[in-house]
Every structure is written in C-alpha cells, then in structure tokens.
Amino acid sequence: MAATESLARNVVESGRRAAERSDTSAGTQERSATFRVWRGTGSSGQFRDYQTKVSEGMVVLDAIHRIQAEDATDLAVRWNCKAGKCGSCSAEINGMPRLMCMTRLSELDLDKAVTVEPMRAFPVVKDLVTDVSSNFRAKKRIRKFTPRPPDAPDGTWRMAQSDADRVQEFRKCIECFLCQDVCHVLRDHHLHEQFVGPRLLVHAAQLEMHPLDILDRTNELKESHGIGYCNITKCCTKVCPEHITITDNAIIPLKERVVDQHYDPLGKLVRLLRGRRSAGTPPEEAQ
Amino acid sequence: MPEYQRHEHDVLVIGAGGAGLRAAIEAAHAGVSVGLVCKSLLGKAHTVMAEGGVAAALANVDDRDNWKVHFADTMRGGQYLNNWRMAELHAREAPDRVRELEAWGTVFDRTPDGRILQRNFGGHKYPRLAHVGDRTGLEMIRTLQDYAIYQPIDVHMECTIVSLLKDGNRIAGALGYDRERGRFKLFAAKAVVLATGGIGRAFSVTSNSWEYTGDGHALAYNAGAALQDMEFVQFHPTGMVWPPSVRGILVTEGVRGEGGILVNREGRRFLFDDIPENYRSQTAADEEEGWRYTQGDKSARRPPELLTRDHVARAIVKEVREGRGSPHGGVFLDISWIRSKLSNAEEHIKKKLPSMYHQFKQLADIDITREPMEVGPTTHYVMGGVRVDGDTQMSSVPGLFAAGEVGAGLHGANRLGGNSLSDLLVFGMRAGKYAAEFAARQSSPRVDAQQADAIVREALEPFNRQSDGEGPYQVEHDLQGMMQELVGIVRREDEMRRALDALKALNERARKVSVTGNREYNPGWHTALDLRNLLTVSEIVARAALERKESRGGHFRDDFPAKDPAYGKFNILIRRGPNGEMQVTREPIPELREDLKRIIEENK
Ligand SMILES: Cc1cc2nc3c(=O)[nH]c(=O)nc-3n(C[C@H](O)[C@H](O)[C@H](O)COP(=O)(O)OP(=O)(O)OC[C@H]3O[C@@H](n4cnc5c(N)ncnc54)[C@H](O)[C@@H]3O)c2cc1C
Ligand code: SF4
Ligand code: SF4
Ligand code: FES
C-alpha cells in the first residue's frame, strides 16, 4: 500500500502543476474579441462584426453561442456534441475549414477580428448553416455493405484485429464534410453530381476493404462516382479533424483498383510514381 | 388558417438515434410505411457520442458470462426498481442485437481468436461491453444509418415535433416544423414511436447536447401518457471540470476500465474508504487486486473505481465538499500511472482511449498519458421516462410507443454503463415491431384540424409578443442553474420546494419570451419552443424527487440518506390530470417471477 500511496501523491503533484499551468497560461480573466460572422440566406449576405467577452479555454463555438445569446438570437449555427464527435459544427474560421467546437480561441490571433463563415462549397441555408444534403444523396448511390456468409455455425464472423484496424481508420469519419468543402472539384468546379468527393470515397474504401464485404465497386467508382476527377492534391487529408489519411490510404488504393480494371491515365501515373503496389495492399504496409 | 405539408405513414418514428433508427428499420422490415423525423441531420443524434461500449453477454472474453448474470447485474444496479420483464428481455436479446450489427457492417475490436472483444465496465461482473475503441456510439449510429438509408423509410431531417395528435384516446400522428424554412408539417400516423432521448439540458453541467430538452417526455406527458421513475437522473462521476467552457463534457468510464484511478488532493484513493455493503464481496481488497482485474485476471475482483456511477459520483461530491478536491473543484482521474506497470503505456493509452487523448490534448492542453485529469460529476442520463409495456413498448396511450432513453423501466434507479446502447437495440427493435403490428390492425386515424391549428398558433406566439420582451436564452440559462443547484445530485425537501416556486416564476417568464427575425432557421425561436419542454420535465423531476423520501440509485436525499425498503416496492408515476395539474401516484412493482428470483439469489 505504501508504494501506491506515494504513487498517488505523484498524481496529485502533477495534477496540481497542470492545473496551475492552465490557470496562468492565459488566466481566467476575460477580454474582448471581435468576430466577423457571415449573416445571410441563400446567395445574399455580408459579414457583420460582433464584440463579445472571451475567456480561457473557450472555443469558437462558445463565442458564437455568446453572440447568439447577447446580440443575435436568430444567428443560425449547427452543433450537437461540442466535443468533436458529431461533425455538425463545420465552418471556415479565418478561411480555414474547421470544427467550431474544437478550435480554441487561444490558437487564434484575437487582436484581429476572427472571421467565421459557412462552408463555401455548399449552398448557404442561413448564416453558418449550409445545405449538405448532396452528401447524403451521394451515399445512397454507393452500393451497400454486403457481407460474406458467416464463418461460424452460430452466425458469427472471425476477423483479425489487424484487418479491423485497416477499416476502422475510415470508419472514424464523423461526416463533418470539411474534406468535401476544400476539394476543388466540388468547391471550384461544382461537380457534385459527377464526383462523390473525398468523404464518400472514404466510405467506398471502407466498404471495399471491409474484411467481410464481398461486392466489387470498382466499376462504378470510375463510371458514376467520378474517382478520376481527383488529382491527388491532398487538400482533403489536411483538413480532416479525425486525421484520416484520406488520399494515401483511401483514394489511392481505390484508384489502383480502378487502374487494374480500367485505363485511368492519372491513376496509372500515380501507380508508376509510387512503385508497383498491388491493389488493396494494407495501408500500414504502404507507408 | 395555417398551412401544412401533410405526410401520412403507418408508423412515425420520432428520433433518429440508436433507438429510433432500429425501430424504423424493424417497422420497414415488417412492410408498413415508415416516416422518421429528427431535429438534427441524420447520424448526429446523441448516440454518436457514446464511447465505452454496448453491453451484451456474448461471453467472448469470459465464458462464465450469460444472460442470467447480465440480468442480475442490471437488477442490482437498478436497485430492484427495474421493470424485471424488460431487464430479462434485454439480457436475453442483447447478444443477438449486437451480432446483427456486425452483419450490417459494424467493425468491433477483436479478441485474439477473431471474435468481438468485450471490456470491463462499472457494475458488470464480467467483461461485457463490445466496443470500438472509445467511439462505439459513432460506429453504431453509422451502421444503423447506412443500413436504414437503403430501406423504404421516409427521412425528415431537421424537423422538430412540437406536439402529438390524438383521435379520441388513440394516437393520430404528430405536428412539427422544419428548421430550415420554419414550415409546419403534419404527420398522420397509426402508430408513433418516441425515441427522442433524454433531458440533460435541464441542468447546467451536462454531457448532453442541445437536443436533450426532454421533448419526448413532454410530448408523451401532454398526450396523457404516464411517466415513471423521473426522480432518477444519472450524474456520471467523470465529466471534465476545466476549462470552464468544457465543463460537463464526458470522460468515459473506459478510462477506469483500463486501469484509471481516482485520487483526492491528499493523494488517497478515497473510493477504497467507502465500499457499499451489497458490493463488498465483488470489490477488490487492495490496489494490486484492482489492477489485476483491469488486466483481465479472472480471479481478481474489480477496483472500487468501477462501482456504480451513483456511488462514485457521490463519493466525489463528498471529497470536494470536505475540502479534499482538486484545484478546480473536482478530483484527479489518472491513467498515466500505468506507466509504472506497462512498458508501452503511452501507446496503450492512445490505442485504447484515442478520443479521450485528443479531447484533453485539444480542449485542456493535458496529455493524459503523462498527467492526471481533473474530473467531477456531470448530468448524463435519465433513467425515468415514458412508462411502457415490457414486451411491446407501448405506453398507456394506444398507439404511442417509446424506446431508448425516453422510455423507462429497464434501468430502475440507476443505469449501468453500456446498458443504454443495448437498450436502444433491443427495445428499438421491439417498439418498431409492435408499432408495425399495431398499425396494421388499425384504420387511418382522423386528424382534427382545429387541434392542429391551435398547436401552430401557440408555436408562433413568441414572434407575436412585444419585441422588447426577454429572449429565451436567459430563461433557459436560469432554469439550468436553478435545477443544478436545487434538484441536482444531492437533494433536500426545502430546496426542492424552492425549486417548484422558482419553476412557477420561470414558467411566467417563458410565457412572455419573444424572438426576433423570421421563421427560417431561427435558433432563438427553436429555443423558445424547447424551453416549454424543459420546464415541463424539470417540474416532473422535482415532483417525483419530492415524493421519494429515501436515497436509492441516482436519487440522493440529504434529509433521507438511507435506503428505505418500503420505497423499494413501487415506482413513482406522473400523469397529467384532467385539469392540467401534475398527478403523482405510486404504482406497486409486480412480484418477481420465481425463476428470475432464483437467478438473482444465485448471483448475489
Ligand atoms: C458522452 C456520452 C457517452 C455515452 N456513452 C455511452 C456508452 O458508452 N454506452 C452506453 O450504453 N451509453 C452511453 N451513453 C448513453 C447513450 O449514448 C444514450 O443514452 C443513447 O445514445 C440515447 O439514444 P436514443 O436513441 O434514445 O436517443 P438519441 O441518440 O439521443 O436520439 C434522439 C433523437 O431524437 C430526436 N429528437 C429529439 N427531440 C425531438 C423532437 N422534438 N422532434 C423530432 N426529433 C426529436 C433527436 O434529433 C435525435 O435524432 C453516453 C451518453 C453520452 C452523453
Ligand atoms: S486529393 Fe482528391 S479528393 Fe482530396 S481534395 Fe484533392 S482532388 Fe479532392
Ligand atoms: S473524412 Fe474527415 S474531413 Fe471528411 S467528412 Fe470524414 S471526418 Fe470529416
Ligand atoms: S458540435 Fe459536434 S463536432 Fe462540433
């Protein structure tokens, strides 16, 4: 017991240090900051400046809520979990696609106005809320999960953790659609109907590499999901709050499958540059 | 005359979390027409936040587990106020429901021989929670969502139901508005399944999202259904306490399941000092035994950190009240200490608790692999809800069903971790099945236009009031603070009487709140409407809590700190009386079936 008692005292010591550090880093005192928030519906709108008090530990979503409570009760914003888990609160903060609930004010320069605007690749419904329904429609076009027959007589399957790991990376996706927001194919060229976009390619990769799934979606990836439009700029990977390696682990292996079955000049080029990996090589080994 | 978009369904499911999605899927399988409405976008419901896992006696990790042990654990956790039929069905059916998820695409963590892995959780005798790291809820809701979108289900996203409709005694549908345009939608339905989740936003410190305004509880109450066990609110022992803006965000019990310990400012593992009698034989004698338990040693008993949530939460409150808390009014939760036990502790923690690692790193600048966290209780779950038939999930209103957190019965006085996700699957499925059967037997209900018009007029009132009136946010904020203080984790008669007075005043204020802007995506208006539900459920909680003059499970009375066996014989019911007053009654719990009694004895 004595050893663990001293262990517990160490816990307390380091806990106190951490607490003090967070107290002194910015203090609990409030200061004022300006938020330049997009207000408007449909295609018309403008930035409006709001001043509000901010304090240690606050995130952008907290500031938006304060503005809502104090100045602009009808300021439209989506959020649910406030813990980075639901992917509702996507917006562009100082021009960067981010989750409002996971962007701490201490990361931003509060001496300048902080701009908060809706995701620009989607039609604006109102203020910070956008119409993301195209993503839901696109998902329906991807053929659904279809497992092989159960492995055991009791109707269950066996799979190794390493096989699970591979798709668990993709299944972490919280459908925040920030990757869709930055992808130039959608953002600048508006090819929402021709190209499902990185989020849905992650979804397709998850299905294609699922240890139990038996469908082959290669043909439609090329023909109807428009994988050929992706030219591997990796912008999507950079903004993913779940740190999914969208381009390298999801899109490129899918492109390689397409190359195996069809001729796709861009995919072929990628393949040459990256050496001859066979389609579907587990991503861990690819790195 | 207000205008509506009209929709007609055999079964209307309100709520698209785990329970609602599972119900809609089952009803669609049965071949009836199904509508599904939710306040948020599909896939964003509260279920997405669940972390630790889903409880089911699969016996993949410990073959001594079976439905009987799970049943006995659930009853013990609920302090025997549970609807025992539901506890039985839940324990028996959860394994099939979990395996079915796998058939629909869920990728659970695996055992070495490739089966679904299970972890320890408070109150569960054996490792029982199937999980995916600490994002089990995301995996579950996505699986159900991605299955449901290929079923014939009409989904109405971002649509809020403001009232149920009735045709005489039976249910006739529901009325709501779409958030985007603010247009009203009238749903005629032969059966309605409520799957709206909980009431956590009635309190200021909560792990719950904006959606948890007790809508389903209030809708059912207003439609004449009985609510039960509403005094039992679960305060999860470990929410974040610092910085202030994240106060309440959940720290999963999985941290303790993986070996995390709770320590006060004096460095004591204070939970060893106060182990309740009915758990003594199952609790580790010392720290070493507790550690062995978390590492899968089957001969070891669980550490006191894994006692039930009500107990751990109160023990923390006591430490803080008696001046032994951490700097920001919590206690320390430490997982980093396992560095002294495991050489790869850092990777291990990141692998087992990835979202906790990121949550603390991003929101509090704390590296949990090196430093302890500061934690304290947070409002988490409501055991109480709509009283339903254990088999069919139908409420006391014909055609109105309830499943998931909005339903009551399974958890009794206290819910065990992991028993909610399994609840959603088991009873979501049952509600969908029986709602479909019910609908198939009914003719179309008659929807009363006057009833609908009156609901719409009332919903629009905040726009018509003087624009210099108070806004809804301040009233909501004051309500939350009041409930936290007066009807929170430790309760007293005089404080709750004060709460009832305060509620009267808040109701007055709420009746006068005004909103600005127009009907399109107007959160001020939405809050004004949610506020009515919050006030209703807050009063229900306070009245039920006043009636239970004892301490049991999630309900702790400072003035009656002991458990009273006489109160173990009934549930408290609340209904709307003929003149709109709240009627509080005591409903005797039916005698346990003999075989179930024996199971409980055998597992004592
Ligand atoms: C942080 C956290 C972690 C948790 N971890 C676990 C865990 O590890 N294991 C476990 O078993 N449990 C856990 N729980 C509890 C569990 O997640 C919830 O109890 C459960 O998800 C509730 O599911 P539900 O289907 O009843 O409701 P929800 O998932 O909350 O869904 C409610 C639905 O109803 C809709 N709705 C509400 N009101 C209306 C209205 N008026 N009109 C239209 N739609 C409406 C909402 O939009 C939503 O779609 C956790 C809870 C939290 C907060
Ligand atoms: S890598 Fe492809 S999908 Fe990602 S942003 Fe670039 S073009 Fe779009
Ligand atoms: S892949 Fe990442 S960025 Fe894209 S939707 Fe999913 S979580 Fe968001
Ligand atoms: S509110 Fe859920 S991710 Fe931000």
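Modeller: A nonpolar core is a set of buried Ala, Val, Leu, Ile, Met, Phe, Trp, Tyr and Cys residues joined through side-chain atoms within 4.5 Å, where buried means under 20% relative accessible area with a 1.4 Å probe and protein chains only. This is a predicted model, in which local features need pLDDT of at least 70, side-chain atom pairs count only at pLDDT 80 or more, and totals for chains, interfaces and linings use all residues; side-chain values use heavy atoms, without hydrogens and water. Residues are numbered from 1 along each chain as its sequence is written, chains are lettered from A and ligands numbered from 1 in the order in which they are written.

Colleague: Which helix gives the most to the largest nonpolar core?

Modeller: The largest nonpolar core has 229 residues, and A:Phe35, A:Met100 and B:Phe71 have the most contacts inside it. Helices are DSSP runs of H or I with at least four residues, numbered from the N terminus. With 13 residues, the element that gives the most to this core is helix α16 (residues 523-547) of chain B.

Colleague: Between which domains of chain A does this core lie?

Modeller: Domain bounds come from an automatic or database domain assignment. Both parts of chain A give residues to this core, so it lies between domain 1 (2-130) and domain 2 (133-269).

Colleague: What area is buried between domain 1 of chain A and domain 2 of chain A?

Modeller: The centres of the two domains, taken over C-alpha atoms, are separated by 31 Å. In contact (heavy atoms within 4.5 Å) are 14 residues of domain 1 and 15 residues of domain 2 of chain A. Buried area is the accessible area (1.4 Å probe) that two parts lose on being put together, summed over both. Carbon and sulfur atoms give 62% of the area between these domains, which is about 1,100 Å².

Colleague: Which three residues supply 10% of the area that chain B buries against chain A?

Modeller: Contacts join 79 residues of chain B to 76 residues of chain A. The area buried between the chains is about 6,400 Å², 57% of it from carbon and sulfur atoms. Supplying more of chain B's share than any other three residues are B:Lys44, B:Tyr150 and B:Tyr521.

Colleague: Which elements give two or more residues to the shell around ligand 2?

Modeller: The residues around ligand 2, each with a heavy atom within 4 Å of it, include A:Cys183, A:His184, A:Cys235, A:Cys236, A:Thr247 and A:Ile251. The elements that give two or more residues to this shell are, in chain A, α9 (235-239) and α10 (246-261).

Technical notes:
Buried means under 20% relative accessible area, exposed over 50%, partly exposed in between (1.4 Å probe, protein chains only).
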